[in-house]
Amino acid sequence: MFEIILWIILFFICFFILLTSSDWLIKAGTNIGAILKLPPIIIGILFVAISSNIAGLTISVLSKLKGFSDIGIYAIFGSLIFNTLFVIIAIGLLKRKYELQVKHSLNLLFLTFSTFLFVFFIVDLKYTQFESIISVLLLICYSIFVWFKKEKSEKISSSENQINVINFIVFVICFISIYFSANYLITTIFKFSEISNLNINIISLTVVSIGLLIPEFLLIISAIKRDEIDLAISTIISSNIIKTLGILSITRFFGPIIFQETIFFIVPFYLISIILFGVIINLKKINYFHSIFAILIYLAFLFGLIYL
């Protein structure tokens, strides 16, 4: 009993350090975007979405190197499902009814295409090196497309250059902190699963996946309260594209990835959440009933995990 409590305490300490570092990383990225005078939507795509996925990428790569690749795989899928449904739930509950001001058609089209392509890649329960290279190339193309959409930045004063240096230092420190905290977090997850006899995949799909998104959630809720709904939407779209095309693809460079058959339960919920998200965003209207429907989908997903 004492051993379980000890590993739980270590788990939360590592998680707290990981989330704090990730939160500061997102803030530093947002500040850099503001200094460069980029539009809010571009900040959401280039800085917030990328910064918020660093922790997930670190856990995915380190878990693969440690021989616990399932932790990274299921944490990513859990994050994708919850991430997509959460923004609908948050906007619907906080705003009741909202009409989007910006068209997200191209970004949404890329998200849908990358999602179905990724599902096609893993339907044989394997993710090959060739498939991972294609995914990375697509992510690079998307990044270039987003970059050329940005507005021309104005000249940066010397004081802004100083702030840039500070933010760069924060970036480096956060990267180091994320690496070590993620490293120990993987060990605590494995030990806790071993001692408590809990399925390590269930822990990854729920506690780890949701926990990794907390800094991003706080930013999205803050954006929604400030009526910057389109920033929240663009952040979710870009974050999911990075998760789908980037994280597992980079992890694949460190060794083969083999999926378990339980992925056939998870993937349908992922596709349903993406389709629901796409339909609602295309309608450019989000209301209270959409959020209730999203909640029901996620509850069905959690209920199904019990029988995995």
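In which sense, left-handed or right-handed, does α5 pass α10? In the predicted model examined here, α5 passes α10 in a left-handed crossing, and this pair of helices offers a convenient way into the arrangement of the chain as a whole.

The chain contains 12 helices and 4 strands, and 53% of its 308 residues count as buried. When contacts between residues at least 6 apart in sequence are considered, 88% of them join residues at least 24 apart. The helix pairs described below, formed by α5, α10 and α11, illustrate how such separate stretches meet.

Helix α5 comprises residues 105-122, and its axis comes within 9 Å of the axis of α10, the two crossing at roughly 30°. Because angles under 35 degrees count as roughly parallel, α5 is described as roughly parallel to α10. On the side of α5, the residues that meet α10 are N107, L108, F110, L111, S114, T115 and F118, whereas α10 contributes I237, N240, I241, T244, L245 and L248. Sorted by class, this contact of α5 with α10 has 8 nonpolar residues and 5 polar ones, with no charged residues.

A second partner of α5 is α11, which packs against α5 at an angle of about 165°, with the two axes 11 Å apart. Since an angle over 145 degrees counts as roughly antiparallel, α5 is roughly antiparallel to α11, and the crossing of these two helices is left-handed. The contact involves S105, L108, L111, T115, F116, V119 and I122 from α5, together with I263, V267, Y270, L271, I274, I275, F277, G278, I281 and N282 from α11. Its residues divide into 13 nonpolar and 4 polar, and no charged residue is found in the contact of α5 with α11.

Two residues of this contact deserve separate mention. S105, in helix α5, has a relative accessible area of 33% and is therefore partly exposed, while I281, which lies in helix α11, counts as buried because its relative accessibility is 4%. Although S105 and I281 are 176 residues apart along the chain, their C-alpha atoms are separated by 8.4 Å. A related pair is formed by I281 and H104, which are 177 residues apart in sequence, with a C-alpha to C-alpha distance of 7.5 Å.

The remaining pair, α10 and α11, has axes that come within 13 Å and cross at roughly 150°, and these helices are therefore roughly antiparallel to each other. The crossing of α10 and α11 is again described as left-handed. Here I233, I236, I237, N240 and T244 of α10 meet Y270, I274, F277 and I281 of α11, and the contact is made up of 7 nonpolar and 2 polar residues, with no charged ones.

The helices also take part in a wider nonpolar core. The largest nonpolar core holds 62 residues, of which F77, V87, I122, I233, L248, F259 and F277 touch the most other members. At least two residues of this core are supplied by each of α4 (69-95), α5, α6 (129-147), α9 (214-225), α10, α11 (263-283) and α12 (288-305), and α4 gives the most, with 14 residues. The surroundings of F277 can be listed in detail: with neighbours within four places in sequence left aside, F277 is in contact with T84, V87, I88, L108, L111, I233, I236 and I237.

Two further residues complete the account. T251 belongs to helix α10, which spans residues 229-252, and T251 is buried because its relative accessible area is 3%. Apart from neighbours within four places in sequence, the residues in contact with T251 are S60, V61, K64 and I257. L125 is found in the loop between α5 and β2 (126-127) and counts as buried, since its relative accessibility is 17% and the limit for a buried residue is set at under 20%. The phi angle of L125 is near 70°, which is a positive value in a residue other than glycine. Most residues other than glycine have a negative phi.

Methods:
Residues numbered from 1 in each chain as written. Predicted model: local features only at pLDDT ≥ 70, side-chain atom pairs only at ≥ 80, totals over all residues. Heavy atoms only, no water. Buried < 20%, exposed > 50% of the residue type's maximum accessible area, 1.4 Å probe, protein only. Contact = heavy atoms within 4.5 Å. Axes fitted to C-alpha atoms, helices over the stretch in contact; angles between N-to-C directions. Parallel < 35°, antiparallel > 145°, perpendicular 65-115°, else oblique. Left-handed = near helix turned anticlockwise from the far one by under 90°. Nonpolar A, V, L, I, M, F, W, Y, C, P; charged D, E, K, R; others polar. Core = buried A, V, L, I, M, F, W, Y, C linked by side-chain atoms within 4.5 Å.
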